[in-house]
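Student: I would like a close look at a single part of this model, namely the sheet in one of the chains. Please take me through how that part is put together, and then place it within the chain and the assembly.

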Amino acid sequence: MKQKTEELTVNARGQGLTEFTHEVNDVVSSSGISSVLCTVFISHTSASLVLQENADPSARRDLEDFLVRLVPENDPHYTHTLEGADDMPAHIKAALTSTSISIPVTNGRLALGTWQGIYLWEHREARSRRRIVVHVLGE
Amino acid sequence: MKQKTEELTVNARGQGLTEFTHEVNDVVSSSGISSVLCTVFISHTSASLVLQENADPSARRDLEDFLVRLVPENDPHYTHTLEGADDMPAHIKAALTSTSISIPVTNGRLALGTWQGIYLWEHREARSRRRIVVHVLGE
Amino acid sequence: MKQKTEELTVNARGQGLTEFTHEVNDVVSSSGISSVLCTVFISHTSASLVLQENADPSARRDLEDFLVRLVPENDPHYTHTLEGADDMPAHIKAALTSTSISIPVTNGRLALGTWQGIYLWEHREARSRRRIVVHVLGE
């Protein structure tokens with residue numbers, strides 16, 4: 001049984017989804033371990049992870065737009081406002097989505113569906129560099 | 001340390017929750033590994049996973065109904081509409097719930113609470129066969 | 001490769017977030033395993049887990065208040081009402097957040113970001129003792 005941990009930096013260009021399936025695949029391949037559990041973890045509370053359709057970009061835009069309507073900026077109920085109008089909505093959006101996703105790997109391949117990509121979901125408006133930890137454990 | 005991966009097919013009869021706790025238990029039992037981490041992963045972006053109350057069916061119906069109200073069909077904001085009125089809401093519902101759930105197993109038993117069942121949450125209207133991967137890693 | 005499973009009891013004082021990062025760290029430290037995957041799992045369907053900002057309490061209050069507005073009590077659509085006005089909303093809130101979170105550990109340290117704490121998110125109004133299982137697997 002072997003394991004490997006690698007830290008990725010994924011650059012987001014403002015709010016929305018950025019795919020990094022290839023980077024996760026590279027960590028799995030370079031580990032030399034063919035049958036593993038691969039865990040993807042994001043070390044932030046204002047960005048999150050999602051597995052989503054990688055075919056039609058309109059699905060990802062609609063997804064982003066839905067979340068912006070669900071968790072609006074400048075809601076008068078917010079009290080945590082010192083870090084900008086997009087900060088509190090970003091924390092809420094992160095809490096409603098995922099911080100860690102575990103994906104089985106068989107014969108060196110992630111068990112992703114045909115249309116399933118791994119995405120960073122950035123919830124802040126500024127460009128960001130996000131720290132994502134990929135952990136591979138198996139044999 | 002040993003591991004086992006098994007692919008399950010769970011049939012959903014349209015939108016709603018279908019329990020498959022027994023099938024996951026069978027994978028754990030047949031692995032012969034008594035102390036493990038069991039990861040359940042769904043290879044789709046329009047269906048998801050949830051651990052939910054397995055006693056009263058009314059709780060599951062209310063859960064399903066809430067999500068249908070939260071993410072309505074035919075919202076004029078959607079642009080990803082070619083695959084049917086239930087397609088974009090299905091992607092959003094999947095993103096708001098879970099794609100992978102990891103459950104510790106001790107003495108051969110999943111650490112589920114008394115009322116906790118493992119459910120496929122189908123978000124499309126048609127009957128579907130969904131691919132779920134169960135990974136067991138331990139000793 | 002080694003593993004350890006420990007059951008924690010976290011006491012919640014009604015609805016809201018209760019941090020238990022230290023308790024998880026203690027399980028990791030006492031395992032004597034420096035490089036692991038740490039999985040935190042909650043055995044309930046009316047409380048959940050979230051990694052959230054541990055600096056400013058206003059962020060946690062706003063998060064709790066948002067979820068209370070999103071999933072109101074006494075919605076006339078609910079049919080599962082026998083266990084109290086806060087019961088069905090609690091199940092919905094649990095389904096929209098997380099039941100299990102897996103965090104890589106390197107050099108004995110959880111890969112949490114600087115501002116990331118591990119929280120029990122209680123969705124029932126009464127004080128509760130919640131059962132959380134921490135599983136550590138690595139070498």
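Tutor: In this predicted model, the sheet of chain B is an open one, built from five strands that run in the order β1-β8-β3-β5-β6 and pair in the antiparallel sense. The edges of this sheet are taken by β1 (2-12) and β6 (109-110) of chain B, and because each of these has a single partner strand, one side of each is left without a neighbour in the sheet. Further in, strand β3 of chain B, residues 36-42, and strand β5 of chain B, residues 100-106, are joined by six bridges in an antiparallel pairing. One residue pair can be picked out here, since Leu37(B) has Pro104(B), in β5(B), as its bridge partner. Helix α1 of chain B, which covers residues 21-31, packs on the sheet and touches β1, β3, β5, β6 and β8 (128-138) of chain B, while the direction of the helix makes about 35 degrees with that of β8(B).

For the setting of such a sheet within a whole chain, chain A may serve as the example. The secondary structure of chain A amounts to three helices and eight strands, which follow one another along the sequence as β-β-α-β-β-α-α-β-β-β-β. Measured out along the principal axes, the C-alpha atoms of chain A fill a box of roughly 50 × 30 × 20 Å, and of the 139 residues in this chain 54% are buried. Among the contacts in chain A with a separation of 6 or more, 81% are between residues 24 or more positions apart.

The assembly can be described through the way in which the copies superpose. Chain A is brought onto chain C by a rotation of 120 degrees with 0.0 Å of shift along its axis, at an RMSD of 0.0 Å, and the two copies are thus related as by a three-fold rotation axis. The C-alpha of chain A nearest that axis belongs to Leu96(A) and lies 3.5 Å from it. For chain C and chain B, the superposition again takes a rotation of 120 degrees with 0.0 Å of shift along its axis, with an RMSD of 0.0 Å, and in chain C the C-alpha nearest the axis is that of Leu96(C), at 3.5 Å.

Strands with these numbers also appear where the chains meet. The contact between chain C and chain B takes 24 residues from chain C and 30 residues from chain B. On the side of chain C that touches chain B, two or more residues come from each of β1 (2-12), β3 (36-42), α3 (87-96), β5 (100-106) and β8 (128-138) of chain C, and the largest share, five residues, is that of α3(C). By residue class, this side of chain C divides into nine nonpolar, 14 polar and one charged. Only 17% of the interface residues of chain C are also interface residues in chain B, so the copies meet through different surfaces.

The contact of chain A with chain C draws on 24 residues from chain A and 30 residues from chain C. Here α3(A) gives the largest share of the side of chain A that touches chain C, again five residues, and the residues of that side are nine nonpolar, 14 polar and one charged. Between these two chains as well, the copies meet through different surfaces, because only 17% of the interface residues of chain A are also interface residues in chain C.

Methods: Residues numbered from 1 in each chain as written. Chains lettered and ligands numbered in written order. Predicted model: local features only at pLDDT ≥ 70, side-chain atom pairs only at ≥ 80, totals over all residues. Contact = placed C-beta atoms within 7 Å. Helix = DSSP H or I, 4+ residues; strand = E, 2+ residues; numbered from the N terminus. Nonpolar A, V, L, I, M, F, W, Y, C, P; charged D, E, K, R; others polar. Least-squares fit on C-alpha atoms with pLDDT ≥ 70 in both. Pairing = 2+ DSSP bridges. Axes fitted to C-alpha atoms, helices over the stretch in contact; angles between N-to-C directions. Buried ≥ 20, exposed ≤ 12 C-beta atoms within 10 Å, placed from the backbone.
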